[in-house]
Amino acid sequence: MNYRFECYRSLMATKEKPMINRFDASLSVRLGLCLFSLLIFACSGEPQNASPEPNLIWSELPDLPEAVGGPIAGISNGALVVAGGANFTASMFEGGTKVYHEEIYVLEEGAEQWQKGFRLQEPLAYAATVDTDAGIVCIGGHNEQEVSSKVIRITWNPVSKSIEMDTLPNLPSPLTFGAAVLMRNTIYVAGGQSSLDAKAAMMNFWSLDLSSKTPSWQELGPWPGPARVLPGLAAQNSGEKMEIYLFSGAEIIQADSGKVPRRCLTDGYRYNPGEHDSLLRWQRISSLDKPVVAAPVISFGPSHILVFSGTDCELDDQFWTLKDDNPGIPPAIRSYHTITDTWIKIGEMPGGKGVVTSKALPWQKGVVIVSGEDRPAHRTPNVRHVRIESNIPAFGYLNYSVVGAYFLLLTFMGFYLAGREKTTDDFFLGGKRIPWWAAGLSIFGTQLSALTFMALPAKVYSTDWTYYVGAVGIVLITPLVISYFLPFFRRLNITTAYEYLELRFNLLIRLVGSFNFILLQIGRMAIVLYLPAMALSLVTGINMYVSILAMGILSTLYTVLGGIEAVIWTDVIQVIVLLGGAIISLVFVFSQIDMDTADLVGSAWDQRKFHMITWSSDYTTTAVWVVLFGNMVTSLVSYTTDQSVIQRYLTTPTEKQAAKALWTNALITPIAGLIFYALGTSLFLFYQSHPQLLKPELQTDAILPLFIVQQLPVGISGLVIAALFAAAMSTLDSGMNSISATVTTDFRRWFNDAHGDQVHLKLARWITVAAGLIATVSALLLATFSIQSVWDMIFILSGLVTGGLGGIFILGIFSQKANGHGALVGLISGAFVIVLVQQFTQIHFFLYTAIGLVVCVVVGYLASLFITPSRLVDLRGLTIYTMVEKTREKKHV
């Protein structure tokens with residue numbers, strides 16, 4: 001079949017129809033399918049693979065004034081601080097003696113020399129250190145006299161150019177050659193030895209909560225492996241992941257004369273402090289190919305740990321034979337990926353020599369490695385800085401052309417429908433001529449944003465299928481929405497859901513609901529524009545600002561021109577492109593994994609990647625009831641209070657068709673979930689087999705775009721990236737039109753109704769432009785300045801009343817005694833309780849909406865019994881007990 005001809009014929013057929021004729025509902029489907037057919041059969045290029053190894057860009061910082069091993073090093077108030085350490089007066093093999101230092105050196109960012117003149121209270125080396133907001137915490141260590149149990153904090157004061165020191169509680173016992181990390185506000189310490197002539201390493205794992213008013217060291221259960229000194233220790237603090245990784249190090253053993261008394265280790269372990277079962281907190285991880293004793297270690301990006309060199313102990317037996325001719329520390333740099341549990345080599349230290357007993361610290365947009373030992377008994381003064389940049393393949397002209405063609409298609413849709421919007425009823429409700437299946441697809445597209453398109457596979461890639469249970473919740477609540485909520489929205493002939501709140505309660509409740517929706521939608525649209533654009537810019541090279549502007553301007557254009565009809569029909573196209581892109585990605589992931597289906601499924605099963613149900617009564621975890629019940633309530637609130645969703649099932653000709661639309665969305669959601677979850681698991685297996693293709697600096701949510709540009713053929717990758725844009729624009733256009741409907745309808749009392757419907761229609765278009773402009777500018781501000789916390793606050797404040805808003809609708813529909821004053825008290829009480837729950841409990845966030853809803857219903861009902869309403873409300877047609885078939889005629893606004 002000639003696919004180019006078929007697509008051309010479909011487009012030409014639309015031009016033969018006058019604009020005022022009934023819209024051909026199949027056009028969206030045919031356009032979407034033609035786009036896929038054309039590209040799948042015409043684009044068979046090879047993927048544009050770049051070099052898998054990252055670029056390590058090394059530079060030299062000013063040498064440390066004194067070359068030392070085992071220094072205390074960290075970052076304090078933006079400055080690099082190095083203190084203490086040890087070295088030899090001459091070659092150890094020629095009679096040199098080991099000396100310990102107390103000097104402190106400071107290098108501020110951009111400075112060309114170290115600041116001197118500061119000292120520790122006593123010489124000290126080989127202490128464990130962590131950086132905190134309050135300063136560098138130095139834990140234990142030793143000098144020529146003793147091993148210390150002291151814990152001191154060193155802070156650089158950039159104003160007075162001075163060093164400040166204070167103390168923290170002493171360790172449970174003396175410690176040196178140990179390791180420490182900071183996770184949230186807690187310090188963890190592992191390994192080491194308690195005396196200079198220790199016959200065995202320590203089996204210790206301690207913690208100190210810095211946020212406690214009276215902090216004290218706690219002894220925790222140690223790892224299930226050998227005791228060790230000089231282990232590698234790193235913490236992952238990204239998102240929900242809070243884990244500690246311990247690996248390598250050396251076990252102290254009895255050795256013959258002339259041999260180093262240690263056995264070097266390659267094993268590794270992961271510690272999860274959030275695991276309730278203490279026996280399961282420590283889990284074994286993949287072993288290294290060689291030991292990396294005393295290596296500088298740093299957590300890098302959301303899921304990588306970098307290990308710079310480290311001794312492999314292969315020349316330990318020749319220590320006294322080689323002496324100063326020892327070739328030095330092996331230079332290999334390794335990377336451990338915490339999600340796929342894989343180790344790889346990513347490069348080498350400059351000059352072919354590694355270092356040990358040093359520190360790797362995050363500084364100046366890279367990693368700085370301070371001094372240390374470059375061969376046994378020899379120190380280097382070098383301070384090296386490295387930036388890590390990944391090689392990303394160019395997006396290419398064909399891919400840009402595909403994305404551009406997609407944008408033109410959406411613009412065409414807006415112009416095609418521009419002549420049909422004659423009234424506000426057309427602009428907001430499509431004249432109630434939208435078929436049920438299109439409305440259902442539009443509901444699905446509205447709820448599934450670009451964040452979901454990227455984040456859902458990424459979540460499964462990094463964890464398992466636990467959240468899939470939540471998709472079933474939508475199916476379970478749909479009968480409730482259809483039976484008890486849909487009739488009110490349809491039979492009252494309203495444009496926004498919040499009109500019902502004024503009819504049932506009062507104007508204030510209506511405006512509170514409407515304002516909360518507008519605030520949440522603006523914040524959501526900005527985030528939906530910004531985050532995908534940021535992720536795409538990292539993996540495709542598409543300019544982030546261009547992406548934001550393109551999505552914002554085009555979505556605004558076709559929404560202004562075509563109103564809700566343009567929104568819904570472009571949503572239909574975008575859902576086809578979106579699901580098609582996911583399916584194409586899934587097929588290509590399977591094709592790139594060197595396993596048959598049985599082995600692939602078996603491998604995922606063995607690694608618990610299909611884990612879905614956690615049987616537990618614990619409300620702080622993702623127990624099955626928490627996930628299911630929490631998602632059911634959240635979906636119920638969304639489908640009964642969110643104007644961007646409700647507006648869809650007000651656009652169908654009949655209530656029966658609106659119910660079909662809801663069922664369409666309900667049935668597609670779990671099916672689409674299977675696709676996205678399977679895609680996430682497949683991505684895990686692919687990158688576990690090819691860990692060298694991972695990019696350490698990329699956020700986990702960018703894993704799908706990364707695979708798209710790395711592995712999909714040119715043209716096809718452009719199509720799937722277009723699917724990501726589709727998901728973002730589907731959310732954006734829905735938000736703009738629903739905000740316009742809400743402002744024009746719910747705040748109409750501030751406008752002059754005497755101007756008539758045409759003035760309101762013009763106003764609706766300008767409000768759509770304003771909403772698109774605000775969202776686009778907000779996204780650009782997010783991309784330019786670090787103001788994410790502002791939007792976090794918007795979501796938090798709005799989220800406080802979201803559950804309560806659902807409670808108000810339940811009060812209105814299911815109670816005849818509830819009144820406006822009581823409902824407002826319930827709403828405020830729900831928000832207040834949610835604040836307390838967030839601040840003072842460990843309840844899982846899935847339950848927040850349910851808690852807010854229950855509190856609002858209970859408190860609102862009780863308050864209504866004691867508070868006299870300001871006006872009597874005619875409840876005919878406003879509760880389930882007084883429902884009538886048709887209550888009033890629609891008044892256009």
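**Notebook: strands, sheets and cavities of a predicted model**

I began with Ser59, which is partly exposed at a relative accessible area of 33%; on this scale buried is under 20%, exposed is over 50% and partly exposed is in between, with a 1.4 Å probe and protein chains only. The model is predicted, so I note its limits: local features need pLDDT of at least 70, side-chain atom pairs count only at pLDDT 80 or more, and totals for chains, interfaces and linings use all residues. Residues are numbered from 1 along each chain as its sequence is written, and side-chain values use heavy atoms, with hydrogens and water left out.

**Entry: Ser59 and its contacts**

I placed Ser59 in strand S1 (residues 55-61); strands are DSSP runs of E with at least two residues, helices are runs of H or I with at least four, and both are numbered from the N terminus. I then looked up what Ser59 touches, leaving aside residues up to four places away in sequence, and found Val383, Arg384 and His385; contact means heavy atoms within 4.5 Å. The C-alpha atoms of Ser59 and His385 are separated by 5.2 Å, although the two residues are 326 apart along the chain.

**Entry: S26, S27 and S30**

Strand S30 covers residues 383-389 and pairs with S27 in the antiparallel sense over four bridges; two strands pair if DSSP finds at least two bridges between them. Val367 has Val386 in S30 as its bridge partner. On strand S26 (residues 359-363), I counted five bridges to S27, again antiparallel. Trp363 is bridged to Gly366 in S27. S26 and S27 form a hairpin with two residues between them, and Gln364 in the turn has a positive phi of about 50°.

I also checked how enclosed S27 is. Five of the five residues of S27 (residues 366-370) are buried, so the strand is largely enclosed by the rest of the structure.

**Entry: S9, S10 and S11**

I asked the same of S10 (residues 151-157): six of its seven residues are buried, so this strand too is largely enclosed by the rest of the structure. Strand S9 (residues 135-139) is joined to S10 by four bridges, and the two run antiparallel. Across this pair, Val137 stands opposite Arg153 in S10. With strand S11 (residues 162-168), S10 pairs in the antiparallel sense over seven bridges. Val151 has Leu168 in S11 as its bridge partner. The hairpin of S10 and S11 has four residues between the strands, and Lys161 takes a positive phi near 55° there.

**Entry: two open sheets**

I traced one open sheet of four strands in the order S16-S17-S20-S21, with antiparallel pairing. Strands S16 (232-236) and S21 (282-285) stand at its edges with a single partner strand each, so one side of each is left without a neighbour in the sheet. Neighbouring strands of this sheet are turned by 25° against each other on average, direction ignored; the axes are lines fitted to C-alpha atoms, for helices over the stretch in contact, and angles run from 0 to 180 degrees between N-to-C directions. Strand S20 (residues 268-271) is joined to S21 by four antiparallel bridges. Gly268 is bridged to Ile285 in S21.

The other open sheet I traced has four strands in the order S22-S23-S24-S25, and its pairing is antiparallel. Its edges are S22 (297-300) and S25 (342-348), each with a single partner strand, so one side of each is left without a neighbour in the sheet. Here the average turn between neighbouring strands is 25°, direction ignored. Five bridges join S23 (residues 304-308) to S24 (residues 332-337), which run antiparallel. Val307 stands opposite Arg334 in S24.

**Entry: cavities**

I found four cavities of 30 Å³ or more. A cavity is a set of points on a 1 Å grid over the protein atoms alone where a 1.4 Å probe fits but cannot get out, and its lining residues have an atom within 4 Å of a point. The largest cavity has a volume of about 100 Å³, where volume is the space filled by probe spheres set on the points, joined across faces, edges and corners. Its lining has 15 residues, with Leu694, Lys695, Leu698, Gln699 and Ile703 nearest the centre.

**Entry: the whole chain**

I logged 21 helices and 30 strands. Buried residues make up 58% of the 893 residues in the chain. Among contacts between residues at least 6 apart in sequence, 72% join residues at least 24 apart.

Conventions. 1 Å grid on protein atoms, 1.4 Å probe; cavity = no way out; pocket = protein on both sides within 12 Å on 5 of 7 lines; lining within 4 Å.
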